[in-house]
Structure formats: C-alpha cells, structure tokens
Amino acid sequence: MAIEVTEFYLLLSAVLFTLGALGVMIRSNTIVMFMCVELMLNAVNLTLVTFSRQFGEVHGQVFVFFVMAVAAAEAAVGLAIILAVFRNYFSIQTSDVHDLAG
Amino acid sequence: MTFAMMFFGLLTVVAALGVVFAAKPLNSALSLVATLFLVAVHFAMLGADFVAALQVLIYAGAIMVLVIFVIMLLGLDEASAVSKFKVPRYLAAVFCGVFLGLLVFAVSSEGIFPVGIMDSVAGGASESNPGSPREVGMVLLTEFIFPFQLAALLLLAAIVGAVLLAHEEKRPLGKGRGLSAMQQKNSSEEELREV
Amino acid sequence: MEELIDVGLVVLKAALVMGAVLKLAALVTWVERKASALIQNRVGANRAAILGFDLAGIVNTLICDPVKALTKEDFVPKGVSQFMHSLAPFMGIFPVILSFAVIPFGPPLVIGDRIIPLQVAQLNIGVLYVLAMGSLAVYGTVLAGWVSNNKFSLLGSLRASAQMISYEITLGLSIIGVLALYQTLDFAEIVNQQSGTVLGFLPNWGIFMSPFNVIAFIVFFVSAMAETKRAPFDLPESESELVAGYFTEYSGMKFLLFWLGEFAEIVVASALVVVLFFGGWQLPWVDISEWGWQGSLLGTMVFGAKVSFFCVLQVVIRWSVPRFRYDQLLDLCWKKMLPIALVNLVLTVAFMLWMDG
C-alpha cells in the first residue's frame, strides 16, 4: 500500500515536472515561462513530501519550506525584472528582447 | 492508492496542461492557481498538513496574486505567437517525451533506489503523522536554524532587489519612455481591441 | 452504520454552519441598512410590507431585495468570457464560507456515548487554514475587475489586490504573539484554554492573557476590517471615484453574491476576533462545558451573541469613519501597523519569558 502511494505520487510529479519543462521550452511569454518554472518547483515539492511520508521523517517537509522561501524571493525579483523589461521594450515576449542578439 | 488520489491526480494533470497550453497568460495563471491548490490537497492527503497550509498561503495566496497583479498592471493578456528564438515544438516534445519516459522507468523499475530503502520503513510510514506544525517547527528551528536565518536574509535581499528593479524615477509627464508613454501605448491598444 | 452516522453528522454540521453564516450575513445587511439610516438620521428601508407589517425593514432587505436581484437581467459586457465573468463572484464567496469550517461554535455535544464536537473540521492547522482561505479571497475581486473590461473595474481590482496582500501581512503578524501564548494552532484547543479567570476577577480570555494582547487585538481587528474592503478601507469600490469599483459591470444575482461575500467576510472576521481574543463560546466566570446539552446550546448562543456584537461594531465603524486616501491606506499598513505588530510580538515573547521566570 505505502509503496503504491509513493510510486503514484512520484509518477504524478514526474508528469508535472515534464509539463513544466515543456512549457518553458515552447512558450515565449516571459510570465508564462516563469509560471512553468513554478510548476516544476511544485513537482519537486510533491516528490519531497512523498519521500517524507515514505520514510516517516519530517526533513522532506522542511526542504519544501525552503523551496517555498526561495520561490517567493524568485517571484519578487523575477516579476520586478519583467516589469523593468516591459518598461524598456513595451513587450515581454522573448523574441522582442534581443538587443544583444546581433 | 485510493480513488480520491486518482481523481485529484487526474485533475492536477489537467490543470497543469492548462498552464502550459492556455493561449492567454491570465488563463495560464488561473490554471496554475488550480494546480497549486490541488497539489496542496495532495500534501494534505500525504499527511503534510503544515506544508499544505503553507502551499495555499504562500503559493496560491501570495506569489500567484503577485503574478496576476503584474499581468493586469501591464495589460499583457494577449495570446502570444511562437517566437523564432524558442526551441522548435517537435524537438521540445521529443525531449520531454524521452525525459518523462526515463522518469517513469526510474520510478517503476526495481533496483534504481538503493536496496532496502524503499522497503525498510514502508510499513510504519503511514502510522505516524510527522506533518503537524509542531513537528515541522521543531526540526525547522533546531536542526535547520542556520538555513532558516539564511532564508530570511535571502527574502530581505529579494525585497530590496525587487524595489530597486521596479522603482521608477518620477519624470515629468509626456517625456521619455516612462509610465506615461506606457499608458499611452496601453490606451491605444485598448482602442484597437474595441474596434 | 457507525461510519454512516459520522459522515451524516459532518454533512449536517457543514450544512448548518453554512446556513447560519449566510443567514447571519443576510441579517448584517439588514443591520447595515437600518443602522446607516439611524446614523444619518433617516428612516431606512421601510417600503415593502406583508399584511401591513414591514418588521422594521426585514421584509425589504431579506425578501424583496433577493427577489429583485434574482429577476434582474444578468448583464455581461461585450467581449468578455462569459465563464470567467460568472466564475468571479463564486471565487469571491467560496473561500469565505469555507473558512468557517474550522471555527468551533460551542462546547462538544454529548449524546449517549457519542461526543460531537461543535465544529465542522478540527484541524491542527486551524489558524493557518483560515489565513490561507483569506488569502484566496482576493481572486474573486481580481478576476471580477479584469473580466469586466472596464477601466474603473480594473483600477478597483488593482487597488484591492495591493490592499489585501498588504493587510494580510499585518493580519498574520499580529496574532503570532497570541498564538505563542496559546502554543497551538487548533481553534478548539484555543477556546478550551480560555476558561477560568486571570488575576482572580478577569475572565481568562485571549485579550487579558498578556498586557500586550490589546495591541494585537487592535491591529488584528483593523487588518480584518481592511480585508473586508469596507469603509474606511473601501478604496477598491469607492463610489465617488470608481463608480462601484471591481463590480461595476455586475448586476442581478452575481452582484448580490459579491455583496453577500462581503457580509460573510464581516461575520468571519468577527468570529475570528471572538475565538482568538474573546473566549469563543466561553461564558465568563462560569464553566458551561460541564452542563451537557444545555451547555452546548448556551455556548452556541453565547458565541452567536459575541459574533453579532462585533458585526454590529463593524457596521457602526463603517458608517462613522470617512475613507482613507490610497497612500494613507498603505502607509497605515506598512509604516504604522507592521512595526507595531513586530514590536508587539517581541514584547509578548519577553512577557512570556518573564512569566516563566
């Protein structure tokens, strides 16, 4: 029973992580890419909690806490960067921000 | 594995598909809110109550509100075309398919995990409840006190950085690429949309 | 069979609590109209009557208004998603009602050898759960402003999201000290700890547990009022600037849902204040948890009375204080209440250490 649950959640988080990676690769809107990164982080969180339950230890959940703290910091800085980019280019499409592309 | 787990698992995948494939950024964001909420449900079903509450409080309640705030502030809710600088779609699909296949293989095959780890504690795992705020807090504030303080420092740095990046010097109206120019652009866009 | 009864009891409790919250919210709308009339020296709602009885306006506000709203045209502006437009009011009211699930409204009811806690769900993360639901409440507002395709609505919802995120921080920070005193996040446990007296004569309620809890109460109450988005914090819908703010484009039952959500938020805020600071269902100087089913009934009534008092207090404040300017609103949160809450936290912890010797 316990193994089955663990495997189910590992598979689920694998699917979520892959979807997030796919999103980062195929979308060109910076905000959507940012959200796909959040999706990948959440897939990892799900894995951590699953293993925390599997081993009956609390450490995995502590790691999730730190991932959330880092994600919050990332959101603040990332969105500020998006705001600054928009101010200069009036767009947040990755294809429009290519001054250094030559 | 219960029926509830299957059901919510399926919902989570559907919501995540919405994040990746929704045409408009705001629909993506709302799908992500649903995904995060459903992940919180999974946390609760795995016995991690404290983390589930934090998930809703921090992710769904704070980070995503910030994202939606930015989408609304900048008026960015347009369907976006595929850019020429991105990875081609078929390549991305192939890569992700291979990656997912590897992960599934890793999870389902015997012998990937070190021998005995999966079996040794599996029996008593579901009996104890290590997910209460008291348990997590005890470990967080004793064993992990140094990373905890570092996380606080990181958040402070992030706040300062965000303010520095997003702060705009007040300029006289109608000059340069400041807020007023942005507003003009937005209003002209809205006129176009109405037409 | 046993399990069936348990599930049935939970469903019954959930239905009862939801019904009670909505009834109370509807009653607050009546109080609001009549109290505002009293304060402004008017008569207030008095037009509709059944057989000549208008029951002090109850017929008007509780029967005629909903019927009118239900029969009105449901107007959706051009060029917006019908689905999103309907989703917004539901996302506004659903977390508010959900957050009532963890609030204990009476001492456990004992029937035979079955103990029924008068609380829909006893969670060990109760306080965090309510805060999480409160943080979800902002989506209804934000979505409503966005899908209305209207500048006033958009401005209103931008204001609302900034205001609600800011005041959530003080809302959470103000009660950390109080929770440190209780040593638990479980609401049932919190209420149980508030029985008896302190210093011999004061009831052992949260607000009297430490000399600094009064500060915590004031900060919490102000933040909770800001979360309900009503005057003096009604910038998101300020009718003299933004028509009606984020629900400008809503009519009929959808508009009424926003309104009901706002009043349900008042009820939830009052219930939180009562549970955290004013003893929940505890009656001062008397321990009613030993009285059997009469105690449960009395406890529920006491809880209802306390909640009603704070609802009326919020309505009176709403009609007595003028609206803030937007910069004043954010200054109050970030430059005044946040430092106060932090200092209060330090003082409370220092007090705890001093009490422990």
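Between chain A and chain B, the count of salt bridges is 0. This is a predicted model, and two of its interfaces are described here: first chain A with chain B, then chain B with chain C.

**Chain A with chain B**

Although salt bridges number 0 here, there are 6 residue pairs in polar contact between chain A and chain B, with both partners at pLDDT 80 or more. On the chain A side, the elements that each supply two or more residues are α1 (2-26), α2 (30-55) and α3 (59-89) of chain A. If you would like a place to start looking, try α3(A): the largest share of this side, 24 residues, comes from that helix. Sorted by class, the side of chain A that touches chain B holds 54 nonpolar, 17 polar and 7 charged residues.

How much area is buried between chain A and chain B? The value is about 7,600 Å², and carbon and sulfur atoms give 79% of it. Within chain A, the residues that lose the most area to chain B are A:Met25, A:Met68 and A:Arg87, which together make up 9% of what that side buries.

**Chain B with chain C**

Now turn to the other face of the story, where chain B meets chain C. The area buried between these two chains is about 2,200 Å², with 78% given by carbon and sulfur atoms. Which residues of chain B lose the most area to chain C? They are B:Leu57, B:Val65 and B:Met72, and together they account for 26% of what the chain B side buries.

Across this interface the rule finds 0 salt bridges, while 2 residue pairs are in polar contact, both partners being at pLDDT 80 or more. On the side of chain B that touches chain C, α2 (25-45), α3 (49-74) and α7 (133-142) of chain B are the elements giving two or more residues. Of these, α3(B) gives the most, with 16 residues. The residues on this side divide into 19 nonpolar, 5 polar and 4 charged.

**The contacts in brief**

The table lists how many residues each chain brings to its contact.

| Interface | One side | Other side |
|---|---|---|
| Chain A with chain B | 78 residues of chain A | 88 residues of chain B |
| Chain B with chain C | 28 residues from chain B | 24 residues from chain C |

To find your way around in the viewer, you might begin with α3(A), which gives 24 residues to the side of chain A that touches chain B. After that, look for α3(B), which gives 16 residues to the side of chain B that touches chain C.

Methods. Residues are numbered from 1 along each chain as its sequence is written. Chains are lettered from A and ligands numbered from 1 in the order in which they are written. This is a predicted model: local features need pLDDT of at least 70, side-chain atom pairs count only at pLDDT 80 or more; totals for chains, interfaces and linings use all residues. Side-chain values use heavy atoms; hydrogens and water are left out. Contact means heavy atoms within 4.5 Å. Buried area is the accessible area (1.4 Å probe) that two parts lose on being put together, summed over both. A salt bridge is a side-chain nitrogen of Lys or Arg within 4 Å of a carboxyl oxygen of Asp or Glu. A polar contact is a pair of N or O atoms within 3.5 Å; within protein, one must be able to donate a hydrogen and the other to accept it, and residues adjacent in sequence count only if both atoms are side-chain atoms. Helices (H or I, at least four residues) and strands (E, at least two) are DSSP runs, numbered from the N terminus. Ala, Val, Leu, Ile, Met, Phe, Trp, Tyr, Cys and Pro count as nonpolar, Asp, Glu, Lys and Arg as charged, and the others, Gly among them, as polar.
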